[in-house]
Amino acid sequence: FVAVEKMPSFVNQIRPKYPEMARKAGIEGAVYISVLVGKDGKPIKTKILKKKPADSDIFDQAAIDAVMGSVYSPGIQNGRPVKVWLTVPIRFRLN
């Protein structure tokens with residue numbers, strides 16, 4: 001755990017691609033993903049914290065790709081950029 005004065009935020013958020021299999025099956029869901037944002041605002045790695053439906057990984061890769069393709073402002077502590085984990089909820093809804 002790293003204490004920060006300012007958490008990272010999106011500079012350019014990539015929208016996830018809805019998996020075609022999920023679209024055809026009419027499945028909606030969500031992936032709560034934690035991303036490690038570097039001092040330069042670039043994502044380093046991810047961890048899936050929670051997902052709905054819990055027994056399916058149909059949305060996992062789309063969520064990871066979106067989070068890893070996004071650009072962030074870095075976390076700030078004592079006026080300097082720091083590496084910090086940020087939790088991002090990614091929701092998949094059919095229109």
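A residue is called buried here if its relative accessible area is under 20%, and by that cut-off buried residues make up 35% of the 95 residues in the chain of this predicted model.

**View 1. The whole chain, with two helices and seven strands.** Read from the N terminus, the elements follow one another as β-α-β-β-α-β-β-β-β, and the C-alpha trace spans about 50 × 25 × 20 Å along its principal axes. The chain exposes about 6,100 Å², of which carbon and sulfur atoms supply 52%. If one takes the contacts between residues at least 6 apart in sequence, 74% of them join residues at least 24 apart. The predictor's confidence, as pLDDT, averages 95 over the chain, and 98% of the residues score at least 70; confidence is lowest in strand β6 (residues 80-82), where the mean is 94, and highest in helix α2 (residues 60-69), where it is 98.

**View 2. The open sheet of three strands, in the order β3-β2-β7.** The pairing in this sheet is antiparallel, and because β3 and β7 stand at the edges with a single partner strand each, one side of each is left without a neighbour in the sheet. From one strand to the next the twist averages 25°. Between β2 and β7 the antiparallel pairing extends over nine bridges, and within it V37 stands opposite V84 of β7.

**View 3. The hairpin of β2 and β3, with five residues between the strands.** Strand β2 (residues 29-37) and strand β3 (residues 43-52) are paired in the antiparallel sense, here over eight bridges. Two positions can be followed across this pairing: I33 stands opposite I48 in β3, while Y32 has K50 of β3 as its bridge partner. In the same hairpin, G41 takes a positive phi near 85°.

**View 4. The two sets of side chains on β2, a strand that is mostly covered.** In a regular strand the side chains alternate between the two faces of the sheet. In β2, G29, V31, I33, V35 and V37 point one way, whereas A30, Y32, S34 and L36 point the other way, and all of these residues are buried. Counted along the strand, nine of the nine residues of β2 are buried.

**View 5. Helix α2 lying across β2, β3 and β7.** The helix runs at about 145° to β3. Which residues of α2 are buried? They are D60, A62, A63, A66 and V67, and the buried residues of this helix pack against β2, β3, β4 and β7 (84-92). An α-helix has 3.6 residues a turn, so residues three or four places apart point the same way.

**View 6. The surroundings of S70, in the loop between α2 and β4 (71-73).** Is S70 buried or exposed? With a relative accessible area of 3%, S70 counts as buried, because that value falls under the 20% cut-off. A polar atom of the S70 side chain lies 2.8 Å from the backbone oxygen of A66, and A66 is itself among the buried residues of α2. When residues up to four places away in sequence are not counted, S70 touches F10, N12, Q13, I14 and P43.

**View 7. The surroundings of K17, in the loop between β1 (9-12) and α1 (20-25).** The relative accessible area of K17 is 69%, which means that this residue is exposed, the cut-off for that class being over 50%. Leaving aside neighbours within four places in sequence, K17 is nevertheless in contact with A62 and F92, and A62 is one of the buried residues of α2. K17 and K50 are 33 residues apart in sequence and, from C-alpha to C-alpha, 19 Å apart in space; K50 is the residue of β3 that has Y32 as its bridge partner.

Methods. Residues numbered from 1 in each chain as written. Predicted model: local features only at pLDDT ≥ 70, side-chain atom pairs only at ≥ 80, totals over all residues. Heavy atoms only, no water. Pairing = 2+ DSSP bridges. Helix = DSSP H or I, 4+ residues; strand = E, 2+ residues; numbered from the N terminus. pLDDT = per-residue confidence, 0-100. Buried < 20%, exposed > 50% of the residue type's maximum accessible area, 1.4 Å probe, protein only. Polar contact = N/O pair within 3.5 Å; in protein donor to acceptor, adjacent residues only side chain to side chain. Contact = heavy atoms within 4.5 Å. Areas by Shrake-Rupley, 256 points an atom, 1.4 Å probe, with all protein chains shown as cover. Axes fitted to C-alpha atoms, helices over the stretch in contact; angles between N-to-C directions.
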